[in-house]
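Visitor: I have a model open and would like to go through its fold with you. Could we begin once it is on the screen?

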Amino acid sequence: MSVVRKTKSVKTLMSIFEASGSALSVVDLVEQLKVQMNKTTVYRILERLEGEGTIHSFIGSNGLKWYAKCSTCTKHEHDDVHPHFECRDCGKVECLEIEVTIPKLKNRLIESADVLLTGQCADCLN
């Protein structure tokens, strides 16, 4: 795994995560960055940042890949076994800070698990 250089493109992409405070779909990221870089560059940077433990990904209810900043991950260990919440009204997706226990299965090695909860966020409930 290579070291992620802090290029202008990487800094631009990370500034979007900093400003957002929530998960972002790959489609939204490509759209927001289309003036600064092409789609291939966005995908390449996301892959590298995920490999370095800076961000993590999961699949949303519509099958799109979403990305969010990691808090305690490293390139050697991702600690992102937590559920995500997607508001069916406004579309906001966020990491939930609750612990989920993934069961150990006989004769199987679980490498990843996605838990997606859908419903209405606090803003849309009112």
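Guide: We shall take the sheets, the helices, one residue and the cysteines in turn. This is a predicted model, in which local features need pLDDT of at least 70 and side-chain atom pairs count only at pLDDT 80 or more, while totals for chains, interfaces and linings use all residues. Residues are numbered from 1 along each chain as its sequence is written, and side-chain values use heavy atoms, with hydrogens and water left out.

Visitor: What is the strand order in the sheet that contains β1?

Guide: The order is β1-β3-β2, in an open antiparallel sheet of three strands. Helices (H or I, at least four residues) and strands (E, at least two) are DSSP runs, numbered from the N terminus. Two strands pair if DSSP finds at least two bridges between them.

Visitor: Which strands are at the edges there?

Guide: β1 (24-25) and β2 (55-59) are the edge strands, and each pairs on one side only. β1 pairs with β3 (residues 65-69) over two bridges, in the antiparallel sense, and Leu 24 stands opposite Tyr 67 in β3.

Visitor: And how many bridges join β2 to β3?

Guide: Five bridges join these antiparallel strands, with Phe 58 opposite Trp 66 in β3. β2 and β3 form a hairpin with five residues between them, and Gly 63 in the turn has a positive phi of about 85°.

Visitor: Which helices lie across that sheet?

Guide: Helix α1 (residues 8-20) lies across β1, β2 and β3, at about 80° to β3. Helix α3 (residues 39-51) lies across β2 and β3, at about 110° to β2. Axes are lines fitted to C-alpha atoms, for helices over the stretch in contact, and angles run from 0 to 180 degrees between N-to-C directions. Contact means heavy atoms within 4.5 Å.

Visitor: Which residues of α1 are buried?

Guide: They are Val 10, Thr 12, Leu 13, Met 14, Ile 16 and Phe 17. Buried means under 20% relative accessible area, exposed over 50%, and partly exposed in between (1.4 Å probe, protein chains only). The cover over the buried residues of α1 includes β1, α2, α3, β2 and β3. After α1 comes Gly 21, with a positive phi near 75°.

Visitor: What about α3, which residues are buried there?

Guide: Thr 41, Val 42, Ile 45, Leu 46, Leu 49 and Gly 51 are buried in α3. Their cover includes α1, α2 (26-32), β2 and β3. An α-helix has 3.6 residues a turn, so residues three or four places apart point the same way.

Visitor: How is the N-terminal end of α3 capped?

Guide: Asn 38 caps that end, with a side-chain oxygen 3.1 Å from the backbone nitrogen of Thr 40. Following α3 is Gly 53, whose phi is positive, near 80°.

Visitor: Changing topic: is Ser 57 buried or exposed?

Guide: Ser 57, in strand β2, is buried, with a relative accessible area of 18%. Its side chain makes a polar contact with the side chain of Glu 50 (2.7 Å). A polar contact is a pair of N or O atoms within 3.5 Å; within protein, one must be able to donate a hydrogen and the other to accept it, and residues adjacent in sequence count only if both atoms are side-chain atoms. Leaving aside neighbours within four places in sequence, Ser 57 is in contact with Glu 50, Lys 65, Trp 66, Tyr 67 and Asp 114.

Visitor: Now the other sheet: what is the order of β4, β5 and β6?

Guide: They form an open sheet in the order β5-β4-β6, with mixed pairing. β5 (93-95) and β6 (116-119) each have a single partner strand, so one side of each is left without a neighbour in the sheet. The twist averages 25° from one strand to the next. Strand β4 (residues 84-87) pairs with β5 in the antiparallel sense over three bridges, and the bridge partner of Phe 85 in β5 is Glu 94.

Visitor: Last, how many disulfides are there?

Guide: The count is zero, where a disulfide is a pair of cysteine sulfur atoms within 2.5 Å.

Visitor: Why does Cys 90 not form a bond?

Guide: The closest cysteine sulfur to that of Cys 90 is in Cys 87, at 3.7 Å, which is too far for a bond. Likewise, the sulfur of Cys 124 is 3.6 Å from its closest cysteine sulfur, in Cys 87, too far for a bond. Cys 90 is partly exposed at 47% relative accessible area, and Cys 124 counts as partly exposed at 25% relative accessibility.
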